[in-house]
Amino acid sequence: MKTGVTWAQLAEAVGKPSAWTTAALLELGDDAALAFQLQPPRGALDAAVPMDPTI
């Protein structure tokens, strides 16, 4: 059923980030939940630059 509510509007209504809200409602597995908690690295996969986490 379509309600016309966007993910962003729903996330704002519950006071959580859009990714968290979407994941909660799509019932993603534990591996996806872990991926949302990890800090994204900087740089490309084949780059010679350091791959330290973005802060």
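**View 1. Thr21 in helix H2 and the residues around it.** In this predicted model, Thr21 is a residue of helix H2, and its relative accessibility of 3% places it among the buried positions. Leaving aside residues up to four places away in sequence, the contacts of Thr21 are with Trp7, Leu10, Ala11, Val14 and Lys16. Because buried means under 20% relative accessible area, the value of 3% for Thr21 meets that criterion.

**View 2. Ala23, a second position in helix H2.** Ala23 likewise belongs to helix H2 and is buried, its relative accessible area being 16%. When residues up to four places away in sequence are set aside, Ala23 touches Leu28 and Phe36. For the pair Ala23 and Phe36, the separation is 13 residues along the sequence, while their C-alpha atoms are 8.9 Å apart in space.

**View 3. Leu28 in the loop between two helices.** The loop that carries Leu28 joins helix H2, residues 18–26, to helix H3, residues 30–37. Leu28 has a relative accessible area of 40% and is therefore partly exposed; Ala23, with which Leu28 is in contact, is by contrast buried at 16%.

**View 4. A nonpolar patch on the surface.** Trp7, Leu25, Leu26, Leu28 and Phe36 together make up a nonpolar surface patch, and their combined accessible area is about 510 Å². Two members of this patch, Leu28 and Phe36, are also the residues that Ala23 touches beyond four places in sequence, and another member, Trp7, is one of the residues in contact with Thr21.

**View 5. Lys16 above the ring of Trp20.** The charged end of Lys16 is placed over the ring of Trp20, at 5.2 Å from the ring centre. Lys16 is also among the residues that touch Thr21, which lies in helix H2. As for pairs formed between aromatic rings, the count in this model is 0.

**View 6. Thr6 before helix H1, with Ser18.** Thr6 is located in the segment that precedes helix H1, residues 7–14, and is partly exposed, having a relative accessible area of 41%. Thr6 and Ser18 are separated by 12 residues in sequence, and the distance between their C-alpha atoms is 9.7 Å.

**View 7. The whole chain, as context for the close-ups.** The protein chain contains 3 helices and 0 strands, and its elements follow the order α-α-α from the N terminus on. Of its 55 residues, 5% count as buried, Thr21 at 3% relative accessibility and Ala23 at 16% being included in the views above. The accessible surface of the chain amounts to about 4,900 Å², and carbon and sulfur atoms account for 62% of that area. Among contacts with a separation of 6 or more, 0% are between residues 24 or more positions apart.

Methods
Residues numbered from 1 in each chain as written. Predicted model: local features only at pLDDT ≥ 70, side-chain atom pairs only at ≥ 80, totals over all residues. Heavy atoms only, no water. Patch = residues over 30% accessible without salt bridge, like charges linked within 9 Å, V, L, I, M, F, W, Y side chains within 5 Å. Areas by Shrake-Rupley, 256 points an atom, 1.4 Å probe, with all protein chains shown as cover. Salt bridge = Lys/Arg side-chain N within 4 Å of Asp/Glu carboxyl O. Helix = DSSP H or I, 4+ residues; strand = E, 2+ residues; numbered from the N terminus. Buried < 20%, exposed > 50% of the residue type's maximum accessible area, 1.4 Å probe, protein only. Contact = heavy atoms within 4.5 Å. Phe/Tyr/Trp six-rings, centres within 6.5 Å; stacked < 30°, edge-to-face > 60°. Lys NZ or Arg CZ within 6 Å of the ring centre and 35° of its normal.
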